[in-house]
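Thanks for coming. I will talk through one protein today, one part after another. Please have a look at the sequence and the model first.

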Amino acid sequence: MKTDLTDTTASKINKALVLGRRAIGTPAVGMVLTLVIVTDEENAYDALKAAGDAAHEHPSRTLVVIKRVSRSPRDRTRSRLDAEVRLGADAGTGETIVLRLYGDVVDHAQSVVLPLLLPDAPVVVWWPVNAPLDPAKDPLGALAQRRVTDTYACEEPIRELAARADAYAPGDTDLSWTRITPWRSMLAAALDQVDCRVQAVEVEGEEQNPSCELLAMWLADRLSVPVQRSASEGPGLTAVRMETDGGPVVLDRADGSLANLSIHGQPARAVALKRRETAELIAEELRRLDPDDTYASALRYGVDRLNAPAKGGADGPGGAVAPSVGAAAKAPAKDAAQEKAPVRKAAAK
């Protein structure tokens, strides 16, 4: 069921929601969160499709905020709100409201969104493109417990990572970080199988790919060993090579779907490590609503510290001995297994 509202208000949209639920025979609200998508007209369809697929796992009220650019000075002074309310089969398992803002109201989107949030339910804001430099201080971001950006969609991803580190606030996250969850889990599991000390790491992947940089920073931060970043033709991440005192550990994925895990003294094995769609990434992020401290620590490590020569000799940075599996390598294993653990979300009444 679709309802189009032109030059409307938030109260009229809420009324249309109530009437629509009664018309389709579902007066109760069974959604667990509000997902606010801030995007432009060009990317709205893809973002809405990804959110709809993720809603099968996380029934939610999805608010799509599209800020329209007025073409003339006269139009810029005229505030207008158009809305499209989708319920039932047109909205999947939740509710979808597409909001198009014109004129001065573009700068006050939070005043439109606030009355439409589900009561007593978490709020997640997602910027597929054009995310603010400081999401936590953005008027819409301030309404949310979780703020999702994607540095891969930026023109200069590596510079954007530095800006994200400077402006980080608890609750911030990045889909470029979400993309490497399977890699982190696989590497932690591989190190759990051997008793050795990691001495150096090489991360290979596309140049200017923020996921490659984040994986390298995570390994350097957790293992306290030199990590070299090398470029390849992709797609995405292609290989991680860890030198240990017990022999090399290599995770190699050349085709973007099937990887080969090689551990010294053990037969090589094939592991599934496909590149995931945006819907899967959003669904993963919606499973947790608490701050991601591991992401914050890796982000603050800094891209500029990668490829830096080790100080204090060959034993590691500052002359320290590289940590053993029991000290640092098992910590990432715990992070990778637990940091995406579901957080209970109470359904809105």
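How many of the seven residues of β2 are buried? Seven of them are, so to speak a full count, and β2 is mostly covered. Before I go on, note that this is a predicted model.

Let me stay with β2, which spans residues 33-39. In a regular strand the side chains alternate between the two faces of the sheet. From β2, L33, L35, I37 and T39 point one way. T34, V36 and V38 point the other way, and the residues of both groups are all buried.

Now the neighbours. Strands of a sheet pair through backbone hydrogen bonds, either parallel or antiparallel. Strand β2 runs parallel to β3, and seven bridges join the two. Two of the bridge partners can be found by name: T34 is matched with R61 in β3, and I37 is matched with V64 in β3. β2 also pairs with β6, again in the parallel sense, over four bridges. There, V36 has V125 of β6 as its bridge partner.

What lies in the chain with β2 and β3 to make a β-α-β unit? The answer is helix α2, residues 41-54, and the unit formed by β2, α2 and β3 is right-handed.

Next, β3 itself, residues 60-67. Seven of its eight residues are buried, which puts β3 among the mostly covered strands. Besides β2, strand β3 has a parallel pairing with β5, residues 95-102, over seven bridges. In that pairing T62 has T96 of β5 as its bridge partner.

I move to a second sheet. In which order do its six strands stand? The order is β10-β9-β11-β12-β13-β14; the sheet is open and its pairing is mixed. β10 (227-232) and β14 (269-272) are at the edges with a single partner strand each, so one side of each has no neighbour in the sheet. From one strand to the next, the twist averages 15°.

At the β14 edge, strand β13 (residues 258-263) runs antiparallel to β14, and four bridges join them. N260 has A270 of β14 as its bridge partner. Helix α7 packs on this sheet and touches β9, β11, β12, β13 and β14. The direction of α7 makes about 25° with that of β11. Another helix, α8 (residues 210-223), lies across β9, β10 and β11. It runs at about 170° to β9.

One more helix, α9, covers residues 278-285. Is α9 mostly covered or mostly uncovered? Mostly covered: six of its eight residues are buried. These are A279, L281, I282, A283, E284 and E285. The cover over the buried residues of α9 includes α2, which we met in the β-α-β unit, and α7, which packs on the second sheet. It also includes β6, β7, β8 and α6.

Last, the protein as a whole. There are eleven helices and 14 strands. Of the 349 residues, 52% are buried. Among contacts with a separation of 6 or more, 73% are between residues 24 or more positions apart. The exposed area is about 16,100 Å², and carbon and sulfur atoms supply 50% of it.

That is the tour.

Terms used: Residues are numbered from 1 along each chain as its sequence is written. This is a predicted model: local features need pLDDT of at least 70, side-chain atom pairs count only at pLDDT 80 or more; totals for chains, interfaces and linings use all residues. Side-chain values use heavy atoms; hydrogens and water are left out. Buried means under 20% relative accessible area, exposed over 50%, partly exposed in between (1.4 Å probe, protein chains only). Two strands pair if DSSP finds at least two bridges between them. A crossover is right-handed if, with the strands pointing away from the viewer, the path from the first strand over the helix to the second runs clockwise. Contact means heavy atoms within 4.5 Å. Accessible areas come from the Shrake-Rupley method with a 1.4 Å probe; for residues, only the protein chains shown count as cover. Axes are lines fitted to C-alpha atoms, for helices over the stretch in contact, and angles run from 0 to 180 degrees between N-to-C directions.
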